[in-house]
Amino acid sequence: MTSVGGPAAQPSPETGSAAPEQPGQPYPGFDPHSHAYPPAYQVAEPDRFTRFVTRLYDRSPRWAVPLAALGCVAAGVAYALVSDPTRSAPDAAPSCLLKLTTGLDCPGCGGTRALWYFLHGDLPAAARHHFLFIFALPFLAYLFVAWAGRQAFGWRLPQLELSPKVLGGFLALWLAFSVARNLPWAPFTALYV
């Protein structure tokens with residue numbers, strides 16, 4: 001519907017009433033009394049796949065997401081067990097792309113081998129390949145069990161409170177470890193995997 005003087009006025013988000021648009025206003029739809037702007041963009045309708053995933057999530061039992069996450073963890077463990085990353089034969093599974101191209105250990109290099117040794121009960125060899133991964137493993141396992149138990153069964157396990165300082169300290173230690181394991185002189189060469 002249009003008025004005699006021009007296009008129809010836009011409703012004000014605050015009051016819902018139409019504020020007349022006048023030339024020289026800073027923004028079309030600007031209400032000078034409330035200083036409110038209309039939304040700058042329209043929210044897009046979700047696509048078919050997003051609607052499907054949302055519907056599936058809403059209809060699934062509450063234990064389905066933790067079970068799917070456990071399946072992903074089990075697939076990673078199975079890959080580590082089947083591939084035997086400790087083999088160094090010419091037909092062995094490929095190593096890290098960064099290490100393959102540059103010869104440098106990336107921050108995660110040795111993690112799969114550490115997991116393999118850990119699953120076989122050889123903690124010294126696991127720690128030798130990636131000490132920080134083995135150190136973080138019990139914390140990660142507890143966080144997963146607490147989250148999955150709360151999601152699936154409503155358990156209220158004590159939360160592991162990690163402050164930003166603790167997380168920042170761990171990330172700084174991981175960065176220092178990643179740099180130190182690539183230094184070409186002793187004692188750092190012992191960290192090279």
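**Opening note.** Helices are DSSP runs of type H or I with at least four residues, numbered from the N terminus. Val-82 is found in one of them, helix H2. The model shown in these views is predicted.

**View 1. Overall fold, with 7 helices and 2 strands.** Along the sequence, the elements follow the pattern β-β-α-α-α-α-α-α-α. The protein has 193 residues. Buried residues make up 19% of them.

**View 2. Nonpolar patch on the surface, formed by Leu-81, Val-82, Phe-118, Leu-119 and Leu-123.** Together these residues have about 450 Å² of accessible area. Two elements give two or more residues to the patch: helix H2 (64–83) and H4. Val-82 belongs to helix H2. Is Val-82 buried or exposed? Its relative accessibility is 73%, so Val-82 counts as exposed. The cut-off for exposed is over 50%.

**View 3. The largest nonpolar core, 6 residues in all.** Its members are Ala-114, Trp-116, Tyr-117, Ala-125, Ala-126 and Ile-134. Helix H4 (111–119) and helix H5 (123–129) each supply at least two of these residues. H4 gives the most, with 3 residues. In soluble globular proteins, nonpolar side chains tend to be buried together. Helix H4 therefore appears in two views: it supplies residues to this core and to the nonpolar surface patch.

**View 4. Salt bridge between Arg-181 and Asp-105.** How many salt bridges does the structure hold? It holds 1. In the pair formed by Arg-181 and Asp-105, the closest N and O atoms are 3.9 Å apart. The pair links distant parts of the chain, 76 residues apart. Arg-181 lies in the segment after helix H7 (164–180). Asp-105 lies in the loop between helix H3 (97–102) and H4. Both Arg-181 and Asp-105 are buried.

**View 5. Positive surface patch formed by Arg-48, Arg-51, Arg-55 and Arg-59.** Where is Arg-59 placed? Arg-59 sits in helix H1, which covers residues 48–59. Arg-59 has a relative accessible area of 68%, so this residue is exposed. Here the charged side chains of the patch are arginines. In View 2, by contrast, the patch is nonpolar.

How values were computed
Residues are numbered from 1 along each chain as its sequence is written. This is a predicted model: local features need pLDDT of at least 70, side-chain atom pairs count only at pLDDT 80 or more; totals for chains, interfaces and linings use all residues. Side-chain values use heavy atoms; hydrogens and water are left out. Patches are made of residues with over 30% relative accessible area and no salt bridge: like charges are joined within 9 Å, nonpolar side chains (Val, Leu, Ile, Met, Phe, Trp, Tyr) within 5 Å. Accessible areas come from the Shrake-Rupley method with a 1.4 Å probe; for residues, only the protein chains shown count as cover. A salt bridge is a side-chain nitrogen of Lys or Arg within 4 Å of a carboxyl oxygen of Asp or Glu. Lys and Arg count as positive and Asp and Glu as negative; His and the chain ends are not counted. The place of a charge is taken as NZ of Lys, CZ of Arg, CG of Asp or CD of Glu. Buried means under 20% relative accessible area, exposed over 50%, partly exposed in between (1.4 Å probe, protein chains only). A nonpolar core is a set of buried Ala, Val, Leu, Ile, Met, Phe, Trp, Tyr and Cys residues joined through side-chain atoms within 4.5 Å.
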